[in-house]
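Colleague: I am new to this structure and should be grateful for a close look at a single part of it. Please choose one strand, and explain how it is covered, what it pairs with and what surrounds it.

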Amino acid sequence: MGTHRHILKTLRSIALEHAGSAHPDLASMARELGRVVHQDASSMATRLASLRRRQRGFEQILLSRRNKPPLSLWIVAWPANHVSPLREHGVWGLEMALVGALEVQSCQRDAASNELTVLDRQWLGPGDGAWFDGEVHQLRRCRNLSRYETALSLHVYGDDMADYATPGRSGPAAAQLKVAPRHITASRLHG
């Protein structure tokens, strides 16, 4: 079976199983998701090829959302060289590359000057995950490292991630956050 539905259902099931509490064990979730991705990376790339060829630009595909405990689960298609705007996340989250390579940045905004400081930078290949867990909300953004190919990633957050934009920003700092329009798709996986 060359379709993406089976692999997405498997990834969704693992994430939901591990995210049953307000503060899940993100290392265990990342390990289990990474095992599935690493098991057969070439098969994963083949099965997800249709998502990479859609040519809709930056696209978020909602796999699951719930309120108690809060959770949002997304597949994201990253066009070549695309950088997401900064987004303030809730108390926990996990990003995992499925196909291609991503850079994940964690940033802090100075309250007085509104300037950004990059706190951490991680590079992810297929099956690699980056996560955060704490009481302080995180400003994060991702970038597709390829100049030519669309990358795909899985995002699991302990909040209701309606979109990637950080509201309420103005001035020069806001200009650097603007990106091309994105396409959001609600996906229902049966079974």
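Modeller: A residue is called buried here when its relative accessible area is under 20%, exposed when that area is over 50%, and partly exposed in between. By this criterion, buried residues make up 46% of the 191 residues in the protein chain. The model is a predicted one. Its chain has 5 helices and 10 strands, and its accessible surface comes to about 9500 Å², with 49% of that belonging to carbon and sulfur atoms. Among contacts with a separation of 6 or more, 77% are between residues 24 or more positions apart.

The part I have chosen is strand 2, which runs over residues 71-78 and has 8 of its 8 residues buried. In a regular strand the side chains alternate between the two faces of the sheet. In strand 2, L71, L73, I75 and A77 lie on one side, while S72, W74, V76 and W78 lie on the other. Both of these faces are covered.

The pairing of strand 2 may be taken next, beginning with the strand that precedes it in the sequence. Strand 1 (residues 58-66) is joined to strand 2 by 7 bridges, and the two run antiparallel. Within this pair, A77 of strand 2 stands opposite E59. The two strands form a hairpin, with 4 residues between them. P69 is found in the loop that connects strand 1 to strand 2. The peptide bond leading from K68 to P69 is cis, and its omega is near -15°.

Strand 2 also pairs with strand 9 (residues 151-157), again in the antiparallel sense and over 7 bridges. Here the bridge partner of S72 is Y157. Strand 9 is itself mostly covered, with 7 of its 7 residues buried. A151, S153, H155 and Y157 point one way from strand 9, whereas L152, L154 and V156 point the other way. Strand 9 has a further antiparallel partner in strand 4, to which 6 bridges join it. In that pairing, A97 has S153 of strand 9 as its bridge partner.

Let us now turn to the packing around these strands. In soluble globular proteins, nonpolar side chains tend to be buried together. The largest nonpolar core of this model has 29 residues, and those with the most contacts inside it include I75, L154 and V156, together with L11, L33, L48 and L98. Strand 2 supplies at least two residues of this core, as do strand 1, strand 4 (92-99), strand 9, helix 1 and helix 2 (26-39). The largest share, 6 residues, comes from helix 2. V156 gives a local view of the packing: leaving aside residues up to four places away in sequence, V156 touches L71, S72 and L73, as well as A15, M29, W92, G93 and L94. Apart from the largest core lies another, of 12 residues, and W74 is among them, along with L62, L124 and A151.

Helix 1 (residues 5-18), one of the contributors to the largest core, deserves a brief description. At 1.5 Å a residue, its 14 residues should span 20 Å, and its end C-alpha atoms are 20 Å apart, which agrees. The buried residues of helix 1 are I7, L8, L11, R12, I14 and A15. Viewed down the helix axis, they fall within an arc of 160°, so they line one face of the helix. An α-helix has 3.6 residues a turn, so residues three or four places apart point the same way.

Finally, one may follow the chain beyond the end of strand 2. N81 is located in the loop between strand 2 and strand 3 (87-89). Its phi is near 65°, a positive value in a residue other than glycine. With a relative accessible area of 44%, N81 is partly exposed. In contrast to N81, every residue of strand 2 is buried.

Notes: Residues are numbered from 1 along each chain as its sequence is written. This is a predicted model: local features need pLDDT of at least 70, side-chain atom pairs count only at pLDDT 80 or more; totals for chains, interfaces and linings use all residues. Side-chain values use heavy atoms; hydrogens and water are left out. The expected span of a helix is 1.5 Å times one less than its number of residues. Buried means under 20% relative accessible area, exposed over 50%, partly exposed in between (1.4 Å probe, protein chains only). The arc is that of the directions from the helix axis to the C-beta atoms. Two strands pair if DSSP finds at least two bridges between them. A nonpolar core is a set of buried Ala, Val, Leu, Ile, Met, Phe, Trp, Tyr and Cys residues joined through side-chain atoms within 4.5 Å. Contact means heavy atoms within 4.5 Å. Accessible areas come from the Shrake-Rupley method with a 1.4 Å probe; for residues, only the protein chains shown count as cover.
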